[in-house]
Amino acid sequence: MPKFMDIHHGMKDLTPDQFNAAHQADLAIQSEEGVTFEHAWADTDSGDVFCLSEAPSAGAVQRIHERTGHKADEIHPLALSL
């Protein structure tokens, strides 16, 4: 299954509790689109959040994020890995 890295901008000053709540919301419904969110990182200074997932498509990743209230600004397929 393809892997994707999505990026959310503008989440500056995100608290650990807010970050966890957003991630848990994604995890709660991820199976409805066949997505598996593997890891998430946040840079609270820049406001950028990065999510690594395995999914059938970028659209499936975006639909989960949209439904949980934090649409991704960018979604990148990860075709090569080391």
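This section describes the nonpolar core, the first helix, the surroundings of His70 and the salt bridges of a predicted model.

The largest nonpolar core comprises 12 residues, namely Phe4, Leu14, Ile29, Val35, Phe37, Ala40, Val49, Cys51, Ala55, Ala60, Val61 and Ile64. Two or more residues of this core are supplied by each of strand 2 (36–43), strand 3 (48–54) and helix 2 (58–67). The greatest contribution is that of helix 2, which provides 3 residues. Ala40, a member of this core, touches Phe19, His23, Phe50 and Cys51 when residues up to four places away in sequence are not counted. Of these partners of Ala40, Cys51 also belongs to the core.

Helix 1 consists of 14 residues (residues 16–29). At 1.5 Å a residue, a span of 20 Å is expected for helix 1, and the separation of 21 Å between its end C-alpha atoms agrees with this value. The buried residues of helix 1 are Ala22, His23, Asp26 and Ile29. Because these residues cover an arc of only 145° around the axis, they are placed on the same side of helix 1. Pro16, Asp17 and Ala28, on the other side of helix 1, are exposed. The cover over the buried residues of helix 1 includes strand 2 and helix 2. Among those buried residues, Ile29 is also part of the largest nonpolar core, while His23 is touched by Ala40.

A further feature involving helix 1 concerns His70. This residue is located in the loop between helix 2 and strand 4 (74–77). His70 has a relative accessible area of 12%, and is therefore classed as buried, the limit for that class being under 20%. The side chains of His70 and Asp26 are joined by a polar contact of 3.0 Å, and Asp26 is itself one of the buried residues of helix 1. With neighbours within four places in sequence left aside, His70 is in contact with His8, Ala22, Asp26 and His65. Of these, Ala22 likewise appears among the buried residues of helix 1.

The model contains 4 salt bridges. One of these is formed by Lys3 and Glu54, with the closest N and O atoms 3.9 Å apart. The pair links distant parts of the chain, Lys3 lying in strand 1 (residues 3–8) and Glu54 in strand 3, 51 residues apart. Lys3 is partly exposed at 31% relative accessibility, and Glu54 is also partly exposed, with a relative accessible area of 25%. Lys3 and Glu54 further belong to a network of salt bridges that includes Glu38.

Salt bridges also connect helix 2 to the loop between helix 1 and strand 2. Glu32 forms a salt bridge with Arg67, the closest N and O atoms being separated by 2.6 Å. Here Glu32 lies in the loop and Arg67 in helix 2, so that distant parts of the chain, 35 residues apart, are linked. Arg67 has a relative accessibility of 48% and counts as partly exposed. In the salt bridge between the side chains of Glu33 and Arg63, the N to O distance is 3.0 Å. Since Glu33 is situated in the loop between helix 1 and strand 2 and Arg63 in helix 2, this pair ties together parts that are 30 residues apart in sequence. Arg63 is partly exposed, its relative accessible area being 38%.

Conventions
Residues are numbered from 1 along each chain as its sequence is written. This is a predicted model: local features need pLDDT of at least 70, side-chain atom pairs count only at pLDDT 80 or more; totals for chains, interfaces and linings use all residues. Side-chain values use heavy atoms; hydrogens and water are left out. A nonpolar core is a set of buried Ala, Val, Leu, Ile, Met, Phe, Trp, Tyr and Cys residues joined through side-chain atoms within 4.5 Å. Buried means under 20% relative accessible area, exposed over 50%, partly exposed in between (1.4 Å probe, protein chains only). Helices (H or I, at least four residues) and strands (E, at least two) are DSSP runs, numbered from the N terminus. Contact means heavy atoms within 4.5 Å. The expected span of a helix is 1.5 Å times one less than its number of residues. The arc is that of the directions from the helix axis to the C-beta atoms. A polar contact is a pair of N or O atoms within 3.5 Å; within protein, one must be able to donate a hydrogen and the other to accept it, and residues adjacent in sequence count only if both atoms are side-chain atoms.
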